[in-house]
Number of protein chains: 2
Amino acid sequence: MNTKSYYSSYPKFHMAVDCIIFGFEEGGLSLLLQKRNFEPAMGEWSLMGGFVEEGESVDDAARRVLTNLTGLKDIYMRQVKAYGEVERDPGERVISAAYYALIDINKQDKELIKAHNAFWVKLDELPHLIFDHDQMVADALSVMREKALSKPTGINLLPEEFTLTQLQSLYEAILGEEIDKRNFRKRIAEMDYIEKTGHIDKLLSRRGAALYRLNPEKYSKDSKFKI
Amino acid sequence: MNTKSYYSSYPKFHMAVDCIIFGFEEGGLSLLLQKRNFEPAMGEWSLMGGFVEEGESVDDAARRVLTNLTGLKDIYMRQVKAYGEVERDPGERVISAAYYALIDINKQDKELIKAHNAFWVKLDELPHLIFDHDQMVADALSVMREKALSKPTGINLLPEEFTLTQLQSLYEAILGEEIDKRNFRKRIAEMDYIEKTGHIDKLLSRRGAALYRLNPEKYSKDSKFKI
DNA sequence: AATGATTAGTGTAAAAACAACACTTATTTG
DNA sequence: CAAATAAGTGTTGTTTTTACACTAATCATT
């Protein structure tokens, strides 16, 4: 019996991924958006997306789209959910899985971004996006913030060794709110896998600041983290 | 220009839904599983699934599968995520979105279930499931429990008017752990949208117990709920 | 009528977590 | 040597969470 025939009577659909690419810089997050210079919805703003290819997992498609646009590889991406309304894309039916990523706003291939007519837009200045992309962004933000509260998130955007001020800025950007410095440091001090390296940074401040790193040997999925 | 042609060069995929149907009864949750009497993976255990049809949203496909199996309509279902590994179904490539639902284990169409060769299995006695269905169940449980901690969940499984003991049993089943009675009642007392009706249940206990109901007019998405 | 069984209903106190808050220190620059 | 800058540090009050045990009402049994 030919196993390829079990499902042949069922319909097939275009499957896409849409990437919510958050860019971190001191002061807040931005989103990498595309001003569409192609149909459909030419001239409007949208997330960066792409179609899943034969023989490619949906996760891999998301990674490919991210790499094509930014040149970055091996970036943590997480699926938010799939969006499957019939008319979500008015052109033709497409089911799309949304993924988010968080990257350093200064570490991507500017040429590639320009070639795709993509721009960084601050989170609090977002234009209206096509289709259900506004919803995708809202969902992704909520998932990412939820995660950031209970797992170290985005530490890979900082240098290998970082100051607590840098770490706090990262968290303030992700959460979109200010954090009390003393309370923040108290909480970090409880996590033994974020450890002082003994090195001192002399570039970011006059006084100098202790450098820390995340010790991957001490960190596991069950390690406690609470901001 | 024919809008139907924008995407025509991209591949298409079978799109399925898999339903994690939790059944509530005093004492714990069960899962409605299918002992497959068809290929592929005949004889093995799996979630109840189905293919998305032309002109049908993915959400609607999940609702249809639930209705076909249980006879139940208008049940809250929530998507967990989409699963898109290339080889996840060894027969042929299928992308699947997982949805969970929580229903009353005594309120479904037993004939339909029998016709589908489906059975209720206690959560702590689950067999190994085919493909990535174990992962789907784990993910769904985690999403549902997360939700139950911050939103009233499953109250529709109780009678219109219910006792606090019933509500506590529901929550103990969902969370899979015992809850302190006094602390539980204290927390419920803080939610003004769960209100005493003034009626007394005389069936479930000798003493009789005050009946409560969820007042939908007082309840909104932003209402506080914390177990 | 009294006893036993069953489930409903109730409060307190200790511990832990969280939130608010301001000054001193080290260093560089002018 | 004064000014500027960012790092670093504790305490206190408030809120939240947890642990814990007895009385009340009713029905069934004898």
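Rings of Phe, Tyr and Trp are counted as an aromatic pair if their centres lie within 6.5 Å. In this predicted model, a search of the whole structure identified 14 such pairs over all chains. One of them is formed by Tyr10(A) and Phe51(B), whose ring centres are 4.1 Å apart and whose planes meet at 20°; the pair is therefore stacked, since planes under 30 degrees apart fall into that class. The pair joins two chains, because Tyr10(A) belongs to the segment before strand 1 (12-25) of chain A, whereas Phe51(B) belongs to strand 4 (residues 48-51) of chain B.

The two partners were also examined for their exposure. Tyr10(A) has a relative accessible area of 37% and is thus partly exposed. Phe51(B), with a relative accessibility of 12%, counts as buried, because the limit for this class is under 20%. A further pair consists of Tyr6(B) and Tyr7(B), with ring centres 6.1 Å apart and planes at 50°, so this pair is tilted. Tyr7(B) is buried, at a relative accessible area of 7%. In addition, Tyr6(A), Tyr7(A), Tyr10(A) and Phe51(B) form one aromatic cluster.

Charged residues at the surface were considered next. Lys181(A), Arg182(A), Arg185(A) and Lys186(A) form a positive surface patch. Among them, Lys186(A) is located in helix 5 (residues 181-189) of chain A. The relative accessibility of Lys186(A) is 53%, and this residue therefore counts as exposed, as the class requires a value over 50%.

Key: Residues are numbered from 1 along each chain as its sequence is written. Chains are lettered from A and ligands numbered from 1 in the order in which they are written. This is a predicted model: local features need pLDDT of at least 70, side-chain atom pairs count only at pLDDT 80 or more; totals for chains, interfaces and linings use all residues. Side-chain values use heavy atoms; hydrogens and water are left out. Patches are made of residues with over 30% relative accessible area and no salt bridge: like charges are joined within 9 Å, nonpolar side chains (Val, Leu, Ile, Met, Phe, Trp, Tyr) within 5 Å. Accessible areas come from the Shrake-Rupley method with a 1.4 Å probe; for residues, only the protein chains shown count as cover. A salt bridge is a side-chain nitrogen of Lys or Arg within 4 Å of a carboxyl oxygen of Asp or Glu. Lys and Arg count as positive and Asp and Glu as negative; His and the chain ends are not counted. The place of a charge is taken as NZ of Lys, CZ of Arg, CG of Asp or CD of Glu. Helices (H or I, at least four residues) and strands (E, at least two) are DSSP runs, numbered from the N terminus. Buried means under 20% relative accessible area, exposed over 50%, partly exposed in between (1.4 Å probe, protein chains only). Rings of Phe, Tyr and Trp (its six-membered ring) pair if their centres lie within 6.5 Å; planes under 30 degrees apart count as stacked, over 60 as edge-to-face and the rest as tilted.
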